[in-house]
Amino acid sequence: MLTEFIVTPRIAYFSMEIALASGIPTYAGGLGMLAGDTLRSAADLGLPMVAVSLVSRAGYFRQQIDSHGRQIEHSDPWDPSTRARPLQATVAVPVEGRLVWVGGWLYVLESHVGGRQPVLLLDTDLADNAPQDRRITHWLYGGDETYRLAQEVVLGIGGVRLLGALGFQIRHYHMNEGHSALLGVELLRRHAYPPEDLLPGDSRYDVPLVRELCSFTTHTPVEAGHDRFSYELVARVLREPGSDQDFVEAATLKRLAGGDDLNMTRLALNLSEYVNGVAERHAEVSRRMFPGYRVHAITNGVHPFTWVHASLRRLYDRHVPSWCHEPELLGRADALVPDADLWAAHLEAKAALLDAVRQLTGVALDPGLPLLGFARRMTAYKRPDLLFTDLERLRSIAHTHPFQVVLGGKAHPRDVEGKRLIERVHLHLRELRDSVVIAYLPNYDFELAKLLVAGSDVWLNTPLPPLEASGTSGMKAACNGVPQLSVLDGWWLEGCIEGVTGWAIGSAPIAGADAARPDTGTPGAAAPGAESNALYDKLEHTVLPLYPAAGRDPSGWIRVMKGAIAKNAAYFNSHRMMRRYATEAYLR
Ligand SMILES: *Cc1c(COP(=O)(O)O)cnc(C)c1O
């Protein structure tokens, strides 16, 4: 069953989460979406990869929201046997002095043009494992730090071993975020010198060789966001049965991963010749956070075919043939696509979203009024409440320029502030009931994301700089001709041409100002209210007056829609991203 995949040497892409398809809950947010789009583009482009992730049988969670706006978390189990085939090999990894067997599933990701990529979903739920070990791969981002470290042992070490046992030839390893950095440790063990060849003081390991084999993409612009484990915990978890030898020489590990505790980002940085930040700005921030490392900047992208609504696919097929394979061709869409057809295709996507909103929430949105969309993980730095800073101002804007809002997003079960934000947003939703129609879609996921990014009229994004490493949902919106209104952070610093591809909230942050103390994670704060006022001003004076409501001439608005497609969808796509990774990281 693997024959077609093991003849060619492949690039192994390791990610804790990956969004493969609707109904497979092996992702939590943007990181997993990016991993999925990476594989989808590789499949279209015929770039031989193999993805390695966890099976996450219990999923992330399914979100329900009660009448008080409180998030209720349900488990979201899936049965891998319905979508994937069991792999014929198992390998063992050490966890707390026990041997844990790691098997897995082969999911074949199929491209709409026929390409196929293997995805290995690692699974410890095997009869030979002790009950607590059978659960290691159950909950995505669940459990305590011992559980997390055990998952990372399975992902990094188990993943490398399983690839070998199955006969894959791996020419390069790519770590998507630091969770999989232990793969580098496993590679060090494979590339160790025999003790008799060593002179006193020599490293036992061929670190330069391992560095040649690895690339690393970092996604986290603050120290506090990086996985760290105490060496006491590492010694306890990463212990071979019946042995008191270190898994890797302790001195080497501390040199590579940090003296005080094991920092997975630092480990990945030190074991990768090619390091990438996910946008220009994020690469700069990462260089300041980790001085001395060369951090490249291949800006993220999204998979065009996946994120473009059916109505717009038909439009592009007709006017920009081959756009799917060469999304750069979308750069011509502004000249080639007739205005009226684009508007009609958008209204079709909007109608599909409005249908879903009515079915899921009972809220009836008006297809004739501008609709602001905001959906992403609900967590403090994304500031879902920025729009609701001054309700009086919002009411007064809505009085002159009526608009409506659709929101969605899950908070991590342990993110107390994120859950409070969901409650607060629901409170505002009720307070504004008589002036602005607002719907909150529960259980934001792959399917809802597709509807939201295509059917909204404006995609809103209000992160606290510099905490949005890239952001990708605005790119998905651009693919559908939906302009973004966003704070200048992450990819929007590259993507925003004011009034042409969308609009900025406020002016460009001063380089360096907001990241002066990256190690404390304290962003430079704008004056209180300044950003919400900038948002209100832009909405009131620029965005809403341009919207073609009730008989107004639509050409100005459609020009911005076309700007989003021609200037941003043509560039911020994962085909461009993967062509760059291939030539600059993998084939270096
Ligand atoms: C694209 C996507 C994200 C990431 O959105 P950001 O704009 O990066 O915050 C999160 N969740 C889902 C379901 C997505 O499709």
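**Figure 1. The ligand lies between two domains of the predicted model.** Domain 1 (3-61 + 73-300 + 577-586) gives residues to the shell around the ligand, and domain 2 (306-572) does too, so the ligand lies between them. By class, this shell has four nonpolar, five polar and four charged residues. There are 13 residues around the ligand, and those that come nearest are Lys382, Gly471, Thr472, Ser473 and Lys476.

**Figure 2. Polar side-chain atoms of Ser473, Lys476 and Arg376 at oxygen atoms of the ligand.** In the side chain of Ser473, an N or O atom is 2.4 Å from an oxygen atom of the ligand. For the side chain of Lys476, the distance from an N or O atom to an oxygen atom of the ligand is 2.6 Å. Arg376 has a polar side-chain atom that lies 3.4 Å from an oxygen atom of the ligand. On its own, the ligand has 400 Å² of accessible area, and the protein covers 96% of this. Helix H2 (30-45) and helix H18 (473-479) are the elements that give two or more residues to the shell around the ligand.

**Figure 3. The two domains and the contact between them.** The domain assignment divides the protein into domain 1 (3-61 + 73-300 + 577-586) and domain 2 (306-572). Taken over C-alpha atoms, the centres of domain 1 and domain 2 are separated by 32 Å. In the contact between the domains, domain 1 takes part with 35 residues and domain 2 with 38 residues.

**Figure 4. Lys350, a buried lysine in helix H14.** Helix H14 runs over residues 339-361 and holds Lys350. The relative accessible area of Lys350 is 1%; a residue under 20% counts as buried, so Lys350 is buried. Leaving aside residues up to four places away in sequence, Lys350 touches Asp366, Pro367, Leu369, Pro370, Leu371, Gly455, Asp457 and Tyr547.

**Figure 5. Ser56 and Tyr141, two residues with positive phi.** Ser56 is not a glycine, yet its phi is positive, at about 40°. The loop that holds Ser56 is between strand S2 (49-54) and strand S3 (62-65). With a relative accessible area of 1%, Ser56 is buried. Tyr141, also a residue other than glycine, has a positive phi near 55°. Its place is in the loop between helix H3 (131-134) and H4. The relative accessibility of Tyr141 is 11%, under the 20% limit, and therefore Tyr141 counts as buried.

**Figure 6. The cis peptide bond from Pro465 to Pro466.** Omega of this bond is near 5°. Pro466 is found in the loop between strand S18 (458-461) and H18. Helix H18 (473-479) is also one of the elements that give two or more residues to the shell around the ligand.

**Figure 7. Gly164 in helix H4.** Helix H4 covers residues 145-166, and Gly164 is found in it. The relative accessibility of Gly164 is 41%, which lies between the limits of 20% and 50%, so Gly164 counts as partly exposed. Gly164 and Val91 are 73 residues apart along the chain, and their C-alpha atoms are separated by 9.4 Å.

Terms used
Residues numbered from 1 in each chain as written. Predicted model: local features only at pLDDT ≥ 70, side-chain atom pairs only at ≥ 80, totals over all residues. Heavy atoms only, no water. Near = heavy atom within 4 Å. Polar contact = N/O pair within 3.5 Å; in protein donor to acceptor, adjacent residues only side chain to side chain. Areas by Shrake-Rupley, 256 points an atom, 1.4 Å probe, with all protein chains shown as cover. Helix = DSSP H or I, 4+ residues; strand = E, 2+ residues; numbered from the N terminus. Nonpolar A, V, L, I, M, F, W, Y, C, P; charged D, E, K, R; others polar. Domains from an automatic or database assignment. Buried < 20%, exposed > 50% of the residue type's maximum accessible area, 1.4 Å probe, protein only. Contact = heavy atoms within 4.5 Å.
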